[in-house]
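Here are some short exercises to work through at your own pace. Try each task with the structure open, then follow the solution step by step.

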Amino acid sequence: MWRHGTNDVAMDVSRHSSFSGSHHLDCKADKEINMENLKAAALIVPVIALIVISILYMHLLKYANNRSVFKRLSYLIITFSFLLNFAWEMAQMPLYEGMKLNMQTAMLCGLASLADTLMVLLLYYAFAVIYKDSFWVQHFAKKRISLLIVVGATGAILAEMLHLSAGSWKYSRSMPKIPFVNVGLIPVLQFMILPACIYYLSFLFLKMKESKYKNYNN
């Protein structure tokens, strides 16, 4: 997952062949640098997303015909999003260099899933504003699904390119890559598939639990 200073390591080995700790120190330094990159991206982007989400939520809540149902739908999207994204993040961890299945990895996946959840929620609210319908998912036509997939894929590709250029993480050899853009296929598929599944499951669950369910078009 982390980039290593191979040239510096080779020089250290040639100069101090009896001191095996130099490689460890170089790797540790690189990990600390890349961890700072990861922390910066992990903090700035979610904070901005949270601010935008809050603004859109208040706007949509104001014009929703049934505010309590809209709140419950939002809670369901958050719940399903975290659970499904966490499962996906854990499953794809072996595709990143230096990542092993342990408690630390689970914690990292949990944080990543929180960020994913913000993006999924932001995407739903953005589409709700565009369609002028807080419950647009009840009319989940092929055109809307296709647009959602395209937007999700585009955002995921741009995010992966940004993180890779910043050195936040590095793919292992087993990660399949998308030609031309050279980013991992699996993380892109994550935002092509999961958002639509999350919205659909959330709305179905809402219909099952909402005894007074009606048509909630704005």
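**Exercise 1.** In what order do the elements of the protein run from the N terminus on?

*Solution.* Reading from the N terminus, the order is α-α-α-α-α-β-β-α. That makes six helices and two strands, where helices (H or I, at least four residues) and strands (E, at least two) are DSSP runs, numbered from the N terminus. This is a predicted model, in which local features need pLDDT of at least 70 and side-chain atom pairs count only at pLDDT 80 or more, while totals for chains, interfaces and linings use all residues. Residues are numbered from 1 along each chain as its sequence is written, and side-chain values use heavy atoms, with hydrogens and water left out.

**Exercise 2.** Compare the span of helix α5 with the span expected at 1.5 Å a residue.

*Solution.* Start with the rule: the expected span is 1.5 Å times one less than the number of residues. Helix α5 covers residues 142-166, so its 25 residues should span 36 Å. Its end C-alpha atoms are 36 Å apart, which agrees. Just past the end of α5, Gly-167 has a positive phi of about 75°.

Now do the same for α3. Its 26 residues reach 37 Å from first C-alpha to last, close to the expected 38 Å.

**Exercise 3.** Find which residues of α3 and α5 are buried.

*Solution.* First fix the term: buried means under 20% relative accessible area, exposed over 50%, and partly exposed in between (1.4 Å probe, protein chains only). By this rule, buried residues make up 39% of the 218 residues in the protein. In α3 they include Phe-70, Leu-73, Ile-77, Phe-80, Asn-85 and Glu-89. In α5, Arg-144, Leu-148, Ala-156, Glu-160 and His-163 are among them.

Next, pick up Asn-85 again: Phe-191 is 106 residues from Asn-85 in sequence, yet their C-alpha atoms are 9.3 Å apart in space. Phe-191 belongs to helix α6 and, at 14% relative accessibility, counts as buried.

**Exercise 4.** Trace the aromatic pairs that link distant parts of the chain.

*Solution.* Rings of Phe, Tyr and Trp (its six-membered ring) pair if their centres lie within 6.5 Å; planes under 30 degrees apart count as stacked, over 60 as edge-to-face and the rest as tilted. The structure holds 16 such pairs.

1. Phe-70 and Phe-135 pair edge-to-face, 6.2 Å centre to centre with 85° between the planes. Phe-70 is in helix α3 (residues 67-92) and Phe-135 in the loop between α4 (103-131) and α5, so the pair ties together parts 65 residues apart in sequence. Both residues are buried.
2. Trp-136 and Tyr-199 also form an edge-to-face pair, at 5.7 Å and 75°. This pair joins the loop between α4 and α5 to helix α6 (residues 185-209), 63 residues apart. Trp-136 is buried at 0% relative accessibility, and Tyr-199 at 1%.
3. Ring pairs link these four residues into a cluster that also includes Tyr-57, Tyr-124 and Tyr-131.

**Exercise 5.** Which residues form a nonpolar patch on the surface?

*Solution.* Patches are made of residues with over 30% relative accessible area and no salt bridge; like charges are joined within 9 Å, nonpolar side chains (Val, Leu, Ile, Met, Phe, Trp, Tyr) within 5 Å. A salt bridge is a side-chain nitrogen of Lys or Arg within 4 Å of a carboxyl oxygen of Asp or Glu. The patch here consists of Ile-44, Val-45, Ile-48 and Val-52, together about 330 Å² of accessible area (Shrake-Rupley method, 1.4 Å probe; for residues, only the protein chains shown count as cover). Val-52 lies in helix α2 (residues 21-63) and is partly exposed at 33% relative accessibility.
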